[in-house]
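Take a look at the predicted model below. We start at the ligand, then move out to the sheet.

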Amino acid sequence: MTNNTVNKGVLIVFTGASGVGKGTVMKKILAADPNNWLSVSMTTRAPRAGEVAGVDYNYISVEEFKSMMAEDAFLESACYCKNYYGSPKAPVEENLKNGKNVFLEIEVQGFEQVRELYPDCLSIFLLPPSIEVLEQRLRGRGTEKEEVIQDRLNTALREISRSNEYKYNVVNDDIDRAVEEILNIVKNERAK
Ligand code: 5GP
């Protein structure tokens with residue numbers, strides 16, 4: 001008998017407070033397996049030094065963002081620290097169809113929307129080893145003003161208090177160890 005099971009991809013919501021090291025962990029996850037694919041979000045925030053348009057984000061105006069909202073082009077979207085962010089729907093659906101492990105690196109409001117649409121999605125929250133370490137990392141980045149840092153820190157604390165809503169919590173105490181743990185979680189999910 002032929003096996004008609006379609007090898008559909010896994011949708012993974014990957015959340016972590018600002019400054020927790022999500023970006024670095026994500027890069028290593030992508031490098032580990034070509035089957036891992038990261039959705040590139042649209043944002044209205046200005047690019048940070050070193051960020052590349054089309055790789056880190058697609059940078060658009062508030063007007064463009066609103067018109068995409070009106071066209072129902074987002075799988076999910078959120079306003080975070082006064083900027084808009086959204087995951088374009090079409091590429092996510094396409095990559096899931098093609099059997100990829102589709103990562104959405106999004107915050108908690110976005111997760112709420114995704115779990116309504118995909119109740120079986122895999123959700124991973126990346127925690128800092130401590131709040132002190134998180135604050136140090138946020139300041140150490142040196143890219144944001146004090147007011148923005150405070151806003152991000154308060155948002156981070158609120159987000160961390162909701163980490164129990166995620167299927168897995170991973171502590172970023174050591175980057176390579178955290179990456180390994182996440183790769184194993186995804187591997188086990190695919191094997192189900
Ligand atoms: P940052 O400005 O530091 O790059 O991102 C701020 C927060 O927005 C982070 O928690 C990041 O994961 C989240 N984020 C990035 N893209 C999206 C998106 O498309 N949707 C949602 N809901 N959050 C996003």
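**From the ligand to the sheet**

Begin at Ser-41. An N or O atom in its side chain sits 2.6 Å from an oxygen atom of the ligand. Tyr-57 also reaches a ligand oxygen, with a polar side-chain atom at 2.5 Å. Glu-76 contacts a ligand nitrogen instead: an N or O atom of the Glu-76 side chain lies 2.7 Å from that nitrogen atom. How much of the ligand does the protein bury? Taken alone, the ligand exposes 500 Å², and the protein buries 96% of that.

Now widen the view. The ligand is surrounded by 17 residues. Ser-41, Arg-45, Tyr-57, Tyr-85 and Glu-107 are the closest.

Next, the sheet. It is open and has five strands, ordered S2-S7-S1-S8-S9, with parallel pairing. Why do S2 and S9 each have a side without a neighbour in the sheet? Strand S2 (36-38) and strand S9 (168-171) stand at the edges and have a single partner strand each, so one side of each is left free of a neighbour. From one strand to the next, the twist averages 25 degrees.

Look closer at one pair. Strand S1 (residues 10-16) runs parallel to strand S8 (residues 122-127), and five bridges join them. Val-13 has Ser-123 in S8 as its bridge partner.

A helix completes the picture. Helix H7 (residues 175-191) packs on the sheet. H7 touches S1, S2, strand S7 (101-105), S8 and S9. The direction of H7 makes about 160 degrees with that of S9.

Note on methods: Residues are numbered from 1 along each chain as its sequence is written. This is a predicted model: local features need pLDDT of at least 70, side-chain atom pairs count only at pLDDT 80 or more; totals for chains, interfaces and linings use all residues. Side-chain values use heavy atoms; hydrogens and water are left out. Two strands pair if DSSP finds at least two bridges between them. Helices (H or I, at least four residues) and strands (E, at least two) are DSSP runs, numbered from the N terminus. Axes are lines fitted to C-alpha atoms, for helices over the stretch in contact, and angles run from 0 to 180 degrees between N-to-C directions. Contact means heavy atoms within 4.5 Å. A residue is near a molecule or strand if one of its heavy atoms lies within 4 Å of it. A polar contact is a pair of N or O atoms within 3.5 Å; within protein, one must be able to donate a hydrogen and the other to accept it, and residues adjacent in sequence count only if both atoms are side-chain atoms. Accessible areas come from the Shrake-Rupley method with a 1.4 Å probe; for residues, only the protein chains shown count as cover.
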